[in-house]
Amino acid sequence: DDECIIGALPLRLQREAGVAVSVAPVTFGSKPERRAERRTELEAACAVLGFAIADLAAQGFNDVTAETKASQHILWDGMVGKTAQLLQRLKPQMIFLPHRADAHPTHVGTHHLVMEALARLPDDFTTHLVFTEFWHPQADANLMVVSTPEDVTQLVAALMCHAGEIARNPYHRTLPAWMIDNARRGAETIGGFGATGTGLGFATLYRFGRWEQGSFNPAPGIVLPADHSAASLFALSW
């Protein structure tokens, strides 16, 4: 369901920059009996958003956590290798992944998985990295992306396709409120303390920068209003 929760920028990039968005499902959860159903739910959600699916493994990976990284080296190495192969094949202009302290064990594991995969790629591999947040805010977020009510409605509609997940925790009901709070925080933490509030209702906060020569180079603080094209992010230099 993360493609819906943090999907504000991918949705805008698709519409405003003409990019193709692919979702790489790292895991379909810890319950084997739910994995086929969760795959079907993901397909339905991506259909609402217009996103494609790029598989890492037929039923996703198992145990993508920092504990697995530390204790099951062969298993972890195989997952990193498959992730690196996918990135090398797709050569994405932009990669979205959870930030390293996003609290959920699989989010933290996914962060390490992608960063280690990037480190295995040739030095001339360049892309933009976007670190996402949901379970824990990023202290160093530097990009606020504003969403229109129409975009929020589409994200919520897609999130509702994940019926099994929202049955246990109704993320679809709280997503707009979370995005409203993001707009409050981002107006000053990214727009500048003491700055005039944007008056804009919905936003998602990210950490944005370039991956080049094997390291991450963060951008300066950016506020992307609804009336500015998301394509401008590709043209920025710093």
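Start by selecting Q213: this residue takes a positive phi near 50° in the hairpin of β6 and β7, which has 2 residues between the strands. What you have on screen is a predicted model, so treat the tour as a walk through a prediction.

**Around the hairpin**

Now colour β6, residues 202-212, and β7, residues 215-218. The two strands run antiparallel and are joined by 4 bridges. To see one of those partnerships, pick E212 and look across to S215 in β7, its bridge partner.

Stay with β6 and show the surface. How many of the 11 residues in β6 are buried? The count is 10, so this strand is mostly covered, given that buried means under 20% relative accessible area.

**The other partners of β6**

Add β4, residues 127-132, to your selection. β4 pairs with β6 in the antiparallel sense, over 5 bridges. Click on T127 and you'll find W211 of β6 standing opposite.

Next, bring in β5, residues 143-147. This strand also runs antiparallel to β6, with 5 bridges joining the two. For a landmark, take M144, whose bridge partner in β6 is L205.

**Rings to look for**

Show the aromatic side chains. The structure holds 7 aromatic pairs. Zoom in on F131 and F216: their ring centres are 5.1 Å apart and the planes meet at 80°, so this pair is edge-to-face. F131 belongs to strand β4 and F216 to strand β7, so the pair ties together parts of the chain that are 85 residues apart in sequence.

Which of these two rings is buried, and which is partly exposed? F131 is the buried one, with a relative accessible area of 6%. F216, at 22% relative accessibility, counts as partly exposed.

Hop over to F208 and W238 for another pair. Here the rings are tilted, with 5.8 Å from centre to centre and 55° between the planes. This pair also links distant parts of the chain: F208 is in strand β6, while W238 is in the segment after α10 (232-235), 30 residues apart. F208 counts as buried, at 0% relative accessibility, whereas W238 is partly exposed at 28%.

Keep W238 in view and add R210. The R210 side chain lies over the face of W238, at 4.0 Å from the ring centre.

Before hiding the rings, select F134, W135, Y171 and W178 together. These four form one aromatic cluster.

**Into the core**

F208 turns up again in the next selection. The largest nonpolar core has 39 residues, and those that touch the most other members are L9, L143, L175, M179 and F208. To see where the core comes from, colour α1 (2-5), α2 (8-16), α3 (35-49), β5, α7 (149-159), α9, β6 and β8 (222-224): these are the elements that give two or more residues to it. Which helix gives the largest share? That is α7, with 5 residues.

Pick M179 and show what surrounds it. Leaving aside neighbours within four places in sequence, M179 is in contact with A8, S147, V152, L155, G201, F202, A203 and T204.

There is also a second, separate core, made of 23 residues. To find it, select L56, F61, M79 and L121, which are among its members.

**A stop at P170**

Go next to P170, in the loop between α8 (163-168) and α9 (171-189). At 30% relative accessibility, P170 counts as partly exposed. If you'd like to try the distance tool, draw a line from the C-alpha atom of P170 to that of S232: they are 62 residues apart along the chain and separated by 34 Å.

**Zooming out**

Finally, show the whole chain as a cartoon. You should be able to follow 10 helices and 8 strands. Along its principal axes, the C-alpha trace spans about 50 × 45 × 30 Å. With 238 residues, a compact globule would have a radius of gyration near 18 Å, and the 17 Å of this protein agrees with that.

Colour by burial and you'll see that buried residues make up 48% of the 238. As for contacts with a separation of 6 or more, 74% come from residues 24 or more positions apart. The F131 and F216 pair, 85 residues apart in sequence, is a good place to return to with that in mind.

Methods:
Residues numbered from 1 in each chain as written. Predicted model: local features only at pLDDT ≥ 70, side-chain atom pairs only at ≥ 80, totals over all residues. Heavy atoms only, no water. Buried < 20%, exposed > 50% of the residue type's maximum accessible area, 1.4 Å probe, protein only. Pairing = 2+ DSSP bridges. Phe/Tyr/Trp six-rings, centres within 6.5 Å; stacked < 30°, edge-to-face > 60°. Lys NZ or Arg CZ within 6 Å of the ring centre and 35° of its normal. Core = buried A, V, L, I, M, F, W, Y, C linked by side-chain atoms within 4.5 Å. Contact = heavy atoms within 4.5 Å. Rg over C-alpha atoms; globule rule 2.2 N^0.38 Å.
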